[in-house]
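Visitor: I'd like a close look at one single spot in this chain, with enough of the surroundings to place it. Pick a residue and work outwards from there.

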Amino acid sequence: MKRSEINAAIQDAEALAAEYRWLLPDWAAWSEADYAREPELAAFLAARQLGWDVTDFGLGDFAQKGLTLFCVRNGVQGDPETLPYAEKLLFVREGQVTPYHSHKVKMEDIMVRGGGNLMVAFTREGSFADDPVRVDGREIADPYGEPIRLRPGQGVTIPRGMKHSFWGETGTGPAFCAEISQCNDDLTDNYFLEPIGRFSTIDEDEPKLHPLWNEIGAVAGA
């Protein structure tokens with residue numbers, strides 16, 4: 001994935017958040033030099049996977065299969081001294097798919113805060129749980145049937161172990177979403193249906209706008 005694609009995705013996400021007057025922490029706008037000036041905070045953020053995250057899942061087609069996220073709060077899985085919960089913002093473009101995956105530790109809610117509709121699909125293939133799926137408290141009779149359409153204001157509870165995929169519904173605009181979950185670990189708790197990666201190999205075709213969370217540690221010397 002090109003750095004220019006990552007920079008453009010972050011700029012689009014910043015504009016969408018601003019449209020809905022959703023303000024981000026000051027370090028969301030930091031450069032590498034800013035993080036270097038506060039190495040203790042940078043190390044804290046990196047350890048908790050806080051900050052920007054843009055991925056094409058190693059597939060090389062971000063427009064079709066990709067996701068832009070910003071992690072606002074998180075602890076460290078397995079460390080009871082840290083937060084037991086996480087909050088992320090998800091910026092999902094029309095037709096842009098996050099491939100089928102599940103989590104063994106994390107249970108999550110995904111909510112559409114504004115913008116377009118979010119389509120969410122489940123598959124039995126590769127799932128290792130079959131717990132109820134609920135949209136705003138209402139149990140879905142057959143989550144493995146047609147994809148669930150979430151309109152702004154709606155949210156779905158996704159049980160751990162259930163393979164799920166989501167994308168922005170074409171013709172409705174980019175979806176501005178939030179994920180509220182148990183403590184998140186993107187290094188160890190993503191199990192994809194297909195053999196793909198969680199992170200991208202980056203072609204540095206232009207300077208970084210903002211470092212991604214998995215780049216902050218190097219800046220901090222962690």
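Guide: Let's start at valine 54, which counts as buried because its relative accessibility is 3%. The cut-offs are simple: buried is under 20% relative accessible area, exposed is over 50%, and partly exposed is in between, with a 1.4 Å probe and protein chains only. Before going on, some ground rules: this is a predicted model, where local features need pLDDT of at least 70 and side-chain atom pairs count only at pLDDT 80 or more, while totals for chains, interfaces and linings use all residues. Numbering runs from 1 along each chain as its sequence is written, and side-chain values use heavy atoms, with hydrogens and water left out.

Valine 54 sits in strand S1. Helices and strands here are DSSP runs numbered from the N terminus, with helices being H or I of at least four residues and strands being E of at least two. Setting aside residues up to four places away in sequence, valine 54 touches Met1, Ile6, Ala9, Ile10, Phe62, Leu67, Thr68, Ser200 and Leu212. A contact means heavy atoms within 4.5 Å. For a longer reach along the chain, take aspartate 186: 132 residues separate it from valine 54 in sequence, yet C-alpha to C-alpha they are 12 Å apart.

One of those contacts deserves its own stop. Threonine 68 is placed in strand S2, residues 67–73, and it counts as buried because its relative accessibility is 3%. With residues up to four places away left out, its partners are Ala9, Ala13, Trp52, Asp53, Val54, Phe62, Leu89, Leu90 and Phe91.

Now for the nonpolar side of the neighbourhood. In soluble globular proteins, nonpolar side chains tend to be buried together. By a nonpolar core I mean a set of buried Ala, Val, Leu, Ile, Met, Phe, Trp, Tyr and Cys residues joined through side-chain atoms within 4.5 Å. The largest one in this chain has 28 residues, and Trp27, Tyr35, Trp52, Val54, Phe70 and Phe91 have the most contacts inside it. Two or more residues of this core come from each of helix H1 (3–19), helix H3 (39–47), strand S1 (51–55), S2, strand S3 (85–92) and strand S12 (175–182). The top contributor is H1, with six residues. Apart from this core lies another of 22 residues, Val120, Phe122, Val135 and Ile158 among them.

Phe70 is another of the well-connected members. Again leaving out residues up to four places away, phenylalanine 70 touches Leu24, Pro25, Trp27, Ala28, Gly51, Trp52, Glu87, Lys88, Leu89 and Phe91.

H1 also has less covered positions: glutamine 11 is found in helix H1 and counts as partly exposed because its relative accessibility is 44%.

If you back up from S1, you reach glutamine 49, in the loop between H3 and S1. Most residues other than glycine have a negative phi. Glutamine 49 isn't a glycine, but its phi is positive, near 60 degrees. It is also buried, with a relative accessible area of 7%. Aspartate 136 has a positive phi too, about 50 degrees; you'll find it in the loop between strand S7 (134–135) and strand S8 (138–139). With a relative accessible area of 44%, aspartate 136 is partly exposed.

On the far side of S2, threonine 82 is in the loop between S2 and S3, and it counts as buried because its relative accessibility is 12%. Beyond its neighbours within four places, it contacts Arg48, Gly75 and Val76. The C-alpha atoms of threonine 82 and arginine 48 are separated by 9.0 Å, across 34 residues of chain.

Finally, zoom out. The chain has four helices and 13 strands, and 47% of its 222 residues count as buried. Among contacts between residues at least 6 apart in sequence, 77% join residues at least 24 apart. The C-alpha trace spans about 55 × 40 × 35 Å along its principal axes. The radius of gyration is 17 Å, which agrees with the value near 17 Å for a compact globule of 222 residues; it is taken over C-alpha atoms, and the globule rule is 2.2 Å times the number of residues to the power 0.38.
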